[in-house]
Amino acid sequence: MKPKNSTGISEFLLLGLSEDPELQPLLFGLFLSTYLITVCGNLFIILAVSSDPHLHIPMYFFLSNLSLADIGFVSTTVPKMLVNIQKQSKSIAYEACLTQGYFYSLFANLDNMFLTVMAYDRFVAICHPLHYTVIISHRLCGLLIFVSFLISLLFSQVHILMVSQLTFCTDVEVPGFFCDPLQLFYLACSNTVIINILVYCTGAIFAGIPVFGIIFSYVRIISSILRVSSSGGRYKAFSTCGSHLSVVCLFYGTGIGVYLSSAVLSSAKKVAVASVVYTLVTPMLNPYIYSLRNKDIKRALQRLLRRAA
């Protein structure tokens, strides 16, 4: 294939999950219902936190921001996929692909940052309970959210700038149903050695540091819980961070699985299926993990539904 300058590429082809025409209506209904469940579940969390004065504390403030990021995360990828299934089309314009990749990186990293902030919040609550209200002030909460958003903007901007410098070939086929910037690196015709080094370096900084922060927080949390003498006290302390730990394991477990599968598996379809779990299933399960394991959220949701009825 003859290489072209990246500005000469008019569109990419999103291969999706299946080319079987008989499966398209099933896939459309499945992904539409999953998308609606995800958006509604996260919206309920945001409405419950904002409407209940008892939930106007840092832990739930961070949770509502995580839910907002999850809505943006799925809204970046799923609507375009639904449109393509409905139109029986695979194409996405070059500019639209880069825009989708930009917002995908932005919201994915926002999830990463918010999970780190929530881990820090639980660390202070369990390891320094007497100083919690002094340390986790309203000013610090706003600052942490602002810094998380700023870092995510920088991360996504760096990724897309590197993608925009690549030279692609004609008829570029993207495995999966959305434009993942890392997948675009693999499709380039130009020499990507330097860019790959930059990708790994930025990934180590923007993803590695938050992961280290979460691990450090939970090491300190677990050591503090083990020092509690009563089993009831240990259970109460661990229950305050159990939902967050479940979401962390789900988010990083599926994320690592997706990028390992893209490196190991030769089948584009298997990689696409793995990416569905990361981009759709994880944001869908997050609000239900928190609501099912949290009595305060459940009571707030019940009061919200009674007022709506």
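## Buried charges, a pocket and three helix residues

At a relative accessibility of 1%, Asp121 counts as buried, where buried means under 20% relative accessible area, exposed means over 50% and partly exposed lies in between, for a 1.4 Å probe and protein chains only. The structure is a predicted model, in which local features need a pLDDT of at least 70 and side-chain atom pairs count only at pLDDT 80 or more, while totals for chains, interfaces and linings use all residues. Residues are numbered from 1 along each chain as its sequence is written, and side-chain values use heavy atoms, with hydrogens and water left out.

The predictor's confidence in each residue, the pLDDT, runs from 0 to 100. Its average over the protein chain is 82, and 90% of the residues score at least 70. Residues 1-7 stay under 50, and for this stretch the model has 18 contacts beyond four places in sequence, a contact being heavy atoms within 4.5 Å.

**Salt bridges**

Which residue pairs with Asp121 in a salt bridge? The partner is Arg122, and the N to O distance between the two side chains is 2.8 Å. Arg122 is buried as well as Asp121, since the relative accessible area of Arg122 is 8% and Asp121 is at 1%. The count of salt bridges comes to two, by the rule that a side-chain nitrogen of Lys or Arg lies within 4 Å of a carboxyl oxygen of Asp or Glu. Asp52 and Arg303 also form a salt bridge, with their closest N and O atoms 2.2 Å apart. This pair links distant parts of the chain, for Asp52 sits in the loop between α1 (24-51) and α2 and Arg303 in helix α11, 251 residues apart. Asp52 counts as buried at 5% relative accessibility, whereas Arg303, at 30%, counts as partly exposed.

**The second largest pocket**

Arg122 appears again among the residues that lie nearest the centre of the second largest pocket, together with Lys236, Ser239, Thr240 and Cys241. This pocket has a volume of about 660 Å³ and a lining of 25 residues. A pocket is an open set of points on a 1 Å grid where a 1.4 Å probe fits, with protein on both sides within 12 Å along at least five of seven lines, and lining residues have an atom within 4 Å of a point. The lining divides into twelve nonpolar, five polar and eight charged residues. Several helices take part, and α2 (58-87), α3 (94-127), α9 (231-264), α10 (268-293) and α11 (295-308) each supply at least two residues. Helix α9 gives the most, with eight residues.

**Three residues in helices**

Helices here are DSSP runs (H or I, at least four residues), numbered from the N terminus. The table places one residue from each of three helices.

| Residue | Helix | Relative accessibility |
|---|---|---|
| Leu43 | α1 | 39%, partly exposed |
| Ser152 | α5 (residues 138-164) | 0%, buried |
| Val211 | α8 (residues 208-226) | 28%, partly exposed |

What does Ser152 touch, not counting residues up to four places away in sequence? Ser152 touches Leu106, Asn109, Leu110 and Met113. For the other two residues, distances between C-alpha atoms relate them to other parts of the chain. Val211 and Phe107 are 104 residues apart in sequence and 16 Å apart in space, and the C-alpha atoms of Leu43 and His244, 201 residues apart along the chain, are separated by 18 Å.

Conventions
Grid points are joined across faces, edges and corners, and a volume is the space filled by probe spheres set on the points. Ala, Val, Leu, Ile, Met, Phe, Trp, Tyr, Cys and Pro count as nonpolar, Asp, Glu, Lys and Arg as charged, and the others, Gly among them, as polar.
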